[in-house]
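Trainee: I am new to this structure and would like a close look at one part of it. Could you walk me through the salt bridges and show me what they connect?

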Amino acid sequence: MKIQIVNRSRHALPAYATEQSAGMDLRANIEEPIILQPMERRLIPTGLYIALPAGYEAQVRPRSGLALKQGITVLNAPGTIDADYRGEVGVLLINLSQQPFTINDGERIAQMIIARHEQAEWIEVETLDETERGAGGYGHTGVN
């Protein structure tokens, strides 16, 4: 799939690390380091602008290493970039650790996955079909 991209950052375009990678790393595009304090959230610019084809979205997800080692994650994970959005791709990070975390220019801060999606058409009805589960919700099976 070919996707148009404008790169106003100082960094290379996002790329797949391996042949079977699902996500591409997004890098911070900042003039000076940002110190993210514990429980602080901040929108981090990437300098990237994309034009996705209709029927696709870009999902912005946490990097597992940052989440595990530093407690840094994407607050609205996965963040969705719609096909008709033309603004800068930003990454909403939060520091869930108890230590300040410094974000440097060019640092890999999240990953982006391109995914196909469908749009639903609602059909309003009076009742729904019966299933074995029925209305059982959270914890309904009693299994821990």
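**The salt bridges, step by step**

Mentor: Let's begin with one pair: Arg-10 and Asp-105 meet through their side chains in a salt bridge, with 3.0 Å from N to O. Arg-10 sits in the loop between strand 1 and strand 2, while Asp-105 sits in the loop between strand 9 (101-103) and strand 10, so this pair ties together parts that are 95 residues apart in sequence. Please keep in mind as you look that this is a predicted model.

How open are these two residues to the surroundings? Arg-10 counts as partly exposed because its relative accessibility is 47%. Asp-105 is also partly exposed, with a relative accessible area of 34%.

Now stay with Arg-10 and look for Glu-31. The side chains of Glu-31 and Arg-10 form a salt bridge as well, at 3.5 Å from N to O. Glu-31 belongs to the loop between strand 2 (24-27) and strand 3 (34-36), and Arg-10 to the loop between strand 1 and strand 2, so the two tie together parts that lie 21 residues apart in sequence. With a relative accessibility of 74%, Glu-31 counts as exposed.

Next comes a pair that sits in strands. Asp-25 makes a salt bridge with Arg-108, and their closest N and O atoms are 3.0 Å apart. Here Asp-25 is in strand 2 and Arg-108 in strand 10, so distant parts of the chain, 83 residues apart, are linked. Asp-25 is partly exposed at 22% relative accessibility, and Arg-108 is partly exposed at 35%. Returning to the loops, salt bridges that share partners join Arg-10, Glu-31 and Asp-105 into one network. In the whole structure, a search finds 5 salt bridges.

It helps to place these pairs in the overall fold. The protein has 1 helix and 10 strands, and from the N terminus the elements run β-β-β-β-β-α-β-β-β-β-β. Strand 1 (residues 4-7) runs antiparallel to strand 4 (residues 41-51), joined by 4 bridges; within this pairing, Asn-7 stands opposite Leu-48. Strand 4 also pairs with strand 8 (residues 88-95) in the antiparallel sense, over 6 bridges, and there Arg-42 has Leu-93 as its bridge partner.

Links between distant parts of the sequence also show up in the contacts. Among contacts between residues at least 6 apart in sequence, 70% join residues at least 24 apart.

How values were computed: Residues numbered from 1 in each chain as written. Predicted model: local features only at pLDDT ≥ 70, side-chain atom pairs only at ≥ 80, totals over all residues. Heavy atoms only, no water. Contact = heavy atoms within 4.5 Å. Pairing = 2+ DSSP bridges. Salt bridge = Lys/Arg side-chain N within 4 Å of Asp/Glu carboxyl O. Buried < 20%, exposed > 50% of the residue type's maximum accessible area, 1.4 Å probe, protein only.
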